[in-house]
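Student: I would like a close look at one part of this model, taken slowly and with the values attached. Please treat the charged side-chain contacts along the helices as the topic.

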Amino acid sequence: MARVALVTGGTRGIGKAISEKLAKSGYKVAANYAGNDKAANELAKSVKIDVFKWDVGDWEACQAGIRRVEDEVGPIDVLVNNAGITRDAVFHRMNVDQWREVIRVDLDSLFYVTRPVIEGMRTRGFGRIINISSINGQKGQSGQANYSAAKAGMIGFTKALAQENANKGITVNCIAPGYIDTEMVQAVPEQVLNKIISTIPTGRLGKATEIADAVAFLAADSSAFITGSTLTVNGAQYISG
Ligand code: NDP
């Protein structure tokens, strides 16, 4: 039986590449998204995966959405917490909405999405939870106190959950991408982006498919002994100990 994978924010950017990679690798994929129906429907058609619209920053919506996924696709074996947003501002000019929105979508969602899934994984004795953090959660980034806090929080969450579930066949890991060529990064002004690229020793942005390949590696049955770790995929831009 094919394993079932839920990818949040799985219809655009890095999430889209993850959905495509897992589908190609034989998983039954459910891709969640927030509002861009056009991108979701195009992906559903081209890769033949199921798409589900709900806000990962809303507890009730997550419970209902995950029930739908489990009814229509099957019990979730692999969960990729990928959905994320930025609302950048230097902290002394950041307003409370920019803070709350990023914490809600990037950090609170870890509870909202993972909590309804974890009990089933524990009962079935198998699970793979892969959280997409960021280089900026590891090193901090000015203009992103909200995002850096959420993405660093994700690493702590990963470590705690890995310990709690290690004896139930469940692994919990983080991937910390560097700058990846997606719409999120294309929104950065060109001058700033060129400056960023000059700090990447490989001399280029990463590709979404390179993150997807790392997800597939951690999702595999053979990765059972890798848990609680953070896999850095950033072209040596930042090497954490
Ligand atoms: P994109 O903006 O390209 O795509 C974001 C995806 O998440 C979309 O599918 C979007 O849905 C979905 N999404 C956004 N908000 C919500 C929500 N509230 N509920 C459900 N789905 C939501 O992002 P990226 O691919 O660039 O980033 C993906 C992840 O990787 C994020 O967590 C990001 O922080 C992280 N990351 C990205 C880096 C980069 O360089 N791009 C670097 C390091 C980390 P919709 O299409 O409907 O809007």
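Student: Is E72 buried or exposed, and what is its relative accessible area?

Tutor: This is a predicted model, and in it E72 is exposed, with a relative accessible area of 52%. The side chain of E72 meets that of R68 in a salt bridge, with 3.5 Å from N to O, and R68 is partly exposed, its relative accessible area being 38%. E72 and R68 both belong to helix α3, which covers residues 59-72, and they are four residues apart, or about one turn of the helix. Because exposed stands for a relative accessible area over 50%, the 52% of E72 places this residue in that class, whereas the 38% of R68 leaves it partly exposed.

Helix α4, residues 96-124, offers further pairs to set beside this one. There, E119 and R115 form a salt bridge with an N to O distance of 2.8 Å, and these two residues of helix α4 are likewise separated by four positions, about one turn of the helix. Both partners are partly exposed, E119 with a relative accessible area of 48% and R115 with one of 35%.

R104 and E101 make another salt bridge, in which the closest N and O atoms are 3.0 Å apart. They too lie in helix α4, but with a spacing of three residues, again about one turn of the helix. R104 counts as partly exposed at 22% relative accessibility, and E101 counts as partly exposed at 25%. Since buried means under 20% relative accessible area, the 22% of R104 keeps this residue in the partly exposed class. The pair does not stand by itself, for D55, E101 and R104 are linked in a network of salt bridges. For the structure as a whole, the count of salt bridges is 10, and the pairs E72 with R68, R104 with E101 and E119 with R115 are among them.

Helix α4 also matters for the cavity, to whose lining it gives the most, with three residues. The structure holds one cavity of 30 Å³ or more, and the largest cavity has a volume of about 30 Å³. Its lining includes S109, L110 and V113, together with T8, V56, N81, A83 and M154. By class, that lining has five nonpolar and three polar residues, and no charged ones.

How values were computed: Residues numbered from 1 in each chain as written. Predicted model: local features only at pLDDT ≥ 70, side-chain atom pairs only at ≥ 80, totals over all residues. Heavy atoms only, no water. 1 Å grid on protein atoms, 1.4 Å probe; cavity = no way out; pocket = protein on both sides within 12 Å on 5 of 7 lines; lining within 4 Å. Points joined across faces, edges and corners; volume = space filled by probe spheres on them. Nonpolar A, V, L, I, M, F, W, Y, C, P; charged D, E, K, R; others polar. Salt bridge = Lys/Arg side-chain N within 4 Å of Asp/Glu carboxyl O. Buried < 20%, exposed > 50% of the residue type's maximum accessible area, 1.4 Å probe, protein only.
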